[in-house]
Every structure is written in structure tokens, then in C-alpha cells.
Amino acid sequence: MNSWREQIASGVDRESAVCAAFASLTVSVTEDLGPDRVVDTLSSECVRLLPIDSMEVFLPGLKLERCPPVVEEGPALESFETGSEVAVENLPAEIRRWPGYVARVVEQGYTAVSAIPMRAMEETIGSIALLSAETAVLSAEDRRLGQALADVAALCLLQQRELHHYRTLSGQLQNALDSRVIIEQAKGMLAERAGVDLGAAFQRLRAFARSSNRKVSEVAREFVAGTLDSEKLLRRRNR
């Protein structure tokens with residue numbers, strides 16, 4: 001019996017291990033641990049639960065600190081492009097099909113691969129290549145488990161991407177709101193001190209900002225804080 005099978009004594013034990021694997025993947029989203037954590041968890045759980053010796057992840061467009069991008073031909077790229085599984089039980093026989101890939105992987109001691117797409121919400125974001133030193137493809141049951149793990153990881157990565165997008169957007173909106181508030185405050189103060197209306201006060205702020213090559217919000221913030229040479233601003237005529 002292989003080492004990964006020795007770790008799972010019965011079907012009940014494997015079921016518990018599979019549930020724990022899915023839980024570990026979802027934790028990466030709830031705790032916002034980043035894409036590298038998702039990929040690390042996916043890799044470790046696949047090696048732990050499936051009859052494989054190693055795994056590679058292909059995620060074009062996503063920069064990972066601990067997973068260098070794979071830029072070559074091979075089953076992972078083909079699986080990503082087609083959205084389908086690519087299984088090869090004898091890699092050396094495919095040297096003409098993927099010369100660079102086969103040479104690299106066989107040199108590392110692997111002779112079989114099952115590439116599975118990473119899909120979520122009808123979007124294929126990447127793929128995984130499950131590598132084995134034995135010339136045998138995964139069983140249908142193992143392929144289904146590998147696909148389920150890959151799909152959950154893909155969903156986690158997409159959710160992290162959406163969270164990052166909304167946080168960035170929220171930060172931008174908050175900055176815009178803060179800038180508008182300080183500008184309105186500066187307009188009121190300047191209008192009162194210079195004896196002009198709010199429109200004229202804003203024109204003075206904007207003209208002063210342009211002449212000093214700065215943002216209106218920066219000028220407004222310094223004016224409110226009292227760190228700006230306000231006499232120049234007060235004496236400035238509306239053009």
C-alpha cells in the first residue's frame with residue numbers, strides 16, 4: 001500500500017480528511033490569507049489525499065510569491081485552454097507532443113500526469129497538474145476528488161479577487177469623500193474670511209492649487225489646518 005493510502009485507514013477516515021481539506025481551503029477566504037495560502041493548501045491536500053507524488057499549479061495572470069509562473073507547453077496549459085481534463089499515463093511517449101515539458105518532468109522522476117482545470121462560476125482561471133512516479137492515471141474517483149478540490153480553490157481565489165476589488169474601490173470612494181468634505185470646509189472658511197461667496201472661494205482654492213501644481217484637496221487641507229500661507233490665498237483675486 002502506498003504512503004498516501006497508509007494515512008487513510010478506511011473510507012470513513014478519508015471522508016473526514018476530505019471534509020477537513022475543504023474546510024482548510026475556505027478558511028483562506030474567511031481569514032483573508034491571500035492567494036498563496038490557497039495554492040499552498042490545495043497542493044498539500046492533493047498530495048495528502050490523492051495517489052500522486054507532487055503537484056504543479058498553472059494560474060495565468062495571478063502573481064504568486066511561492067509559485068513561479070509556468071510558461072511552457074504541457075497538459076496543464078492544454079487543460080486550462082480547453083477546460084477539460086488531460087490525462088497521460090506514459091509521459092516519455094509524449095516527448096514529441098510537449099518536448100520541453102516532458103523533458104523537465106521526466107528528469108524530475110515523474111512518468112504520469114493528470115491535468116485538471118480550475119473552474120468557478122463558469123470561468124476557468126487555471127489548472128493543476130497531478131504528477132506521479134508510476135505509469136498510471138488516476139481513478140475516476142480520485143479525478144472527481146481532484147476536480148472538486150481544484151474547483152473549491154478556484155472559487156476561493158475568485159472570492160479573494162472580488163474582496164480585494166471592493167476594498168480598493170471602497171478605499172478610493174472614502175478618499176474621494178474625505179477630499180470633498182475638506183474642500184467644502186475650506187470653501188466655507190475662505191468665503192467667510194475673504195468676504196466672498198462659496199463659488200468664488202472655490203475658484204480661489206483651485207487657482208492657488210494650479211499655480212502651485214498641487215491638488216485642491218491638499219491646499220484645502222492645509223488651509224483648514226492653518227499650515228498654508230493663507231494671506232496669499234486671501235489676497236488672490238478671482239480670475
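In what follows, a residue is called buried under 20% relative accessible area, exposed over 50%, and partly exposed in between. The model before you is a predicted one.

I begin with an aromatic pair to which that scale applies. F80 has a relative accessible area of 23% and is therefore partly exposed. Its partner F58, at 9%, is buried. The ring centres of F58 and F80 lie 5.5 Å apart with the planes at 70°, so the arrangement is edge-to-face. F58 belongs to strand 1 and F80 to helix 4, residues 75-82, so the pair ties together parts that are 22 residues apart in sequence. A search of the whole structure yields two aromatic pairs. W98 and Y101 form an edge-to-face pair as well, with 6.2 Å from centre to centre and 85° between the planes. Both W98 and Y101 are buried.

Let me turn to the strands. Which strands pair with strand 3 in the antiparallel sense? Strand 2, residues 86-88, does so over three bridges, and strand 4 is joined to strand 3 by nine bridges, again antiparallel. V113 illustrates both pairings: V113 in strand 3 stands opposite V88, and its bridge partner in strand 4 is L131. Strands 3 and 4 form a hairpin with two residues between them, and in the turn M121 has a positive phi of about 50°. Strand 3 is largely enclosed by the rest of the structure, because eight of its nine residues are buried.

Before strand 3 comes a loop that deserves a moment. T111 lies in this loop, between helix 5 (99-107) and strand 3. Is T111 buried or exposed? Its relative accessible area is 18%, so T111 is buried, given that the cut-off for buried is under 20%. The side chain of T111 reaches the backbone oxygen of A133 at 3.0 Å. Leaving aside residues up to four places away in sequence, T111 touches E89, N90, L91 and P92 on the one hand, and S132, A133, E134 and T135 on the other.

I come now to the nonpolar interior. The largest nonpolar core has 30 residues, and those touching the most other members are L42, C46, M118, I128 and L130. Which elements each supply at least two residues of this core? They are helix 2 (11-30), helix 3 (35-49), strand 1 (54-58), strand 3 (112-120), strand 4 (123-132) and helix 6 (140-194). Helix 6 gives the largest share, eight residues. There is also a second, separate core of 16 residues, which includes A191, F208, F223 and L233.

Within the largest core, L130 merits a closer look. Not counting residues up to four places away in sequence, L130 touches C46, L50, I52, S54, M55, A112, V113, S114, I116 and L138. Two of the residues already discussed meet here: C46, a member of the core with many contacts to other members, and V113, both in the list for L130.

Finally, the cysteines. C46 has 0% relative accessibility and so counts as buried. C156, at 3%, is likewise buried. How many disulfides does the model contain? The count comes to zero.

Key. Residues are numbered from 1 along each chain as its sequence is written. This is a predicted model: local features need pLDDT of at least 70, side-chain atom pairs count only at pLDDT 80 or more; totals for chains, interfaces and linings use all residues. Side-chain values use heavy atoms; hydrogens and water are left out. A nonpolar core is a set of buried Ala, Val, Leu, Ile, Met, Phe, Trp, Tyr and Cys residues joined through side-chain atoms within 4.5 Å. Buried means under 20% relative accessible area, exposed over 50%, partly exposed in between (1.4 Å probe, protein chains only). Helices (H or I, at least four residues) and strands (E, at least two) are DSSP runs, numbered from the N terminus. Contact means heavy atoms within 4.5 Å. A disulfide is a pair of cysteine sulfur atoms within 2.5 Å. A polar contact is a pair of N or O atoms within 3.5 Å; within protein, one must be able to donate a hydrogen and the other to accept it, and residues adjacent in sequence count only if both atoms are side-chain atoms. Two strands pair if DSSP finds at least two bridges between them. Rings of Phe, Tyr and Trp (its six-membered ring) pair if their centres lie within 6.5 Å; planes under 30 degrees apart count as stacked, over 60 as edge-to-face and the rest as tilted.
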